[in-house]
Amino acid sequence: EKKPRWLAGFEGSTSDESLGSLIATVVGKNVPLSVGYHKVGVDIRDQIARTVVEESFVNNTEGRLEGVFYFPLPADASISGFGMWIGGELVEADIVEKQRAREIYETILRERRDPGLLEWTSGNLFKARVFPIEPHLEKRVKIVYTQVLPLRDNRYVYSYGLRSELLRTRPLRELGINVRVASELPLRSVICPTHDVRVQLSEHAADVQFAAQEYAPTRDFEVVCEIDGRQSDVVVIPHQRGSDGY
């Protein structure tokens, strides 16, 4: 009578599956695979947050599957990396023109090698075609994005979506979230109002950790950072990758 939320997400009309999902074709039907582990590493440097998500999806069937990985980014985030584990080795994605990417994917697919093609669909929803998903094994994926955290009243908030209709019936086997904060200005406090976490705080740095097993999240994960004093209206944050930078 009513579409489940994961199906609406699969069709691109919602992004309520905050953790992402891998929808596979099983006997002609689109079925969401169970999430195995979900690990999140966050580096926050003066309001710039870089989030690295690593998760696995379990194929409990007898067959080799092809699927589509969906991941909703926060509205203000920019994707900066994507990869899959192939034969136990992490293979990072290259960025190419859209039509050329499709051609490469189809060529690799015909050769029965492991391809992955990440594409923007609509709103803040990204999808990646994934093949093969071997029987009784886990497919591991990695996605990286960055965002600017607005400063209000000397506070900025980092939020990571954990709400999921699917996980109410299929809890996460393992969840780990580690948030590292580095601040030029002294930190007055770093708290997590949503979860029972372990916090280590110094004058200019903090480390927030949360871990759980067989976990069905009911709310999103938040970290609130309060700095001591007003920050300048202009902040320069350099970035270097190899010999290049900005």
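Which residue stands opposite V68 in β9? The partner is R129. The two belong to strands that pair in the antiparallel sense, β5 (residues 65-72) and β9, over 7 bridges. Two strands count as paired if DSSP finds at least two bridges between them. The strands themselves are DSSP runs (E, at least two residues), numbered from the N terminus.

This is a predicted model, in which local features need pLDDT of at least 70 and side-chain atom pairs count only at pLDDT 80 or more, while totals for chains, interfaces and linings use all residues. Residues are numbered from 1 along each chain as its sequence is written, and side-chain values use heavy atoms, with hydrogens and water left out.

Stay with β9 for a moment. This strand spans 125-133 and leads into a loop before β10. It is mostly covered, with 8 of its 9 residues buried. Buried means under 20% relative accessible area, exposed means over 50%, and partly exposed lies in between (1.4 Å probe, protein chains only).

The loop between β9 and β10 holds H136. Its phi is near 60°, a positive value in a residue other than glycine. H136 counts as partly exposed because its relative accessibility is 47%.

Next comes β10 itself. Strand β10 (residues 138-148) runs antiparallel to β6 (residues 78-86), and 6 bridges join them. Within this pair, G83 stands opposite K142.

Both strands belong to an open sheet of 8 strands. The order is β7-β6-β10-β4-β3-β12-β15-β14, and the pairing is mixed. β7 (89-92) and β14 (198-201) each have a single partner strand, so one side of each is left without a neighbour in the sheet. From one strand to the next, the twist averages 15°. The angles behind it are taken between N-to-C directions and run from 0 to 180 degrees, with axes fitted as lines to C-alpha atoms. In a regular strand the side chains alternate between the two faces of the sheet.

Strand β15 (residues 205-215) contains E214. This residue has a positive phi of about 50°, although it is not a glycine. E214 is exposed, with a relative accessible area of 56%.

Finally, look at the loop between β13 (187-191) and β14, where T194 is found. Is T194 buried or exposed? T194 is buried, at 14% relative accessible area. Leaving aside neighbours within four places in sequence, T194 is in contact (heavy atoms within 4.5 Å) with R219, D220, F221 and E222. A polar atom of the T194 side chain lies 3.5 Å from the backbone oxygen of D220.

How values were computed
Helices (H or I, at least four residues) and strands (E, at least two) are DSSP runs, numbered from the N terminus. A polar contact is a pair of N or O atoms within 3.5 Å; within protein, one must be able to donate a hydrogen and the other to accept it, and residues adjacent in sequence count only if both atoms are side-chain atoms.
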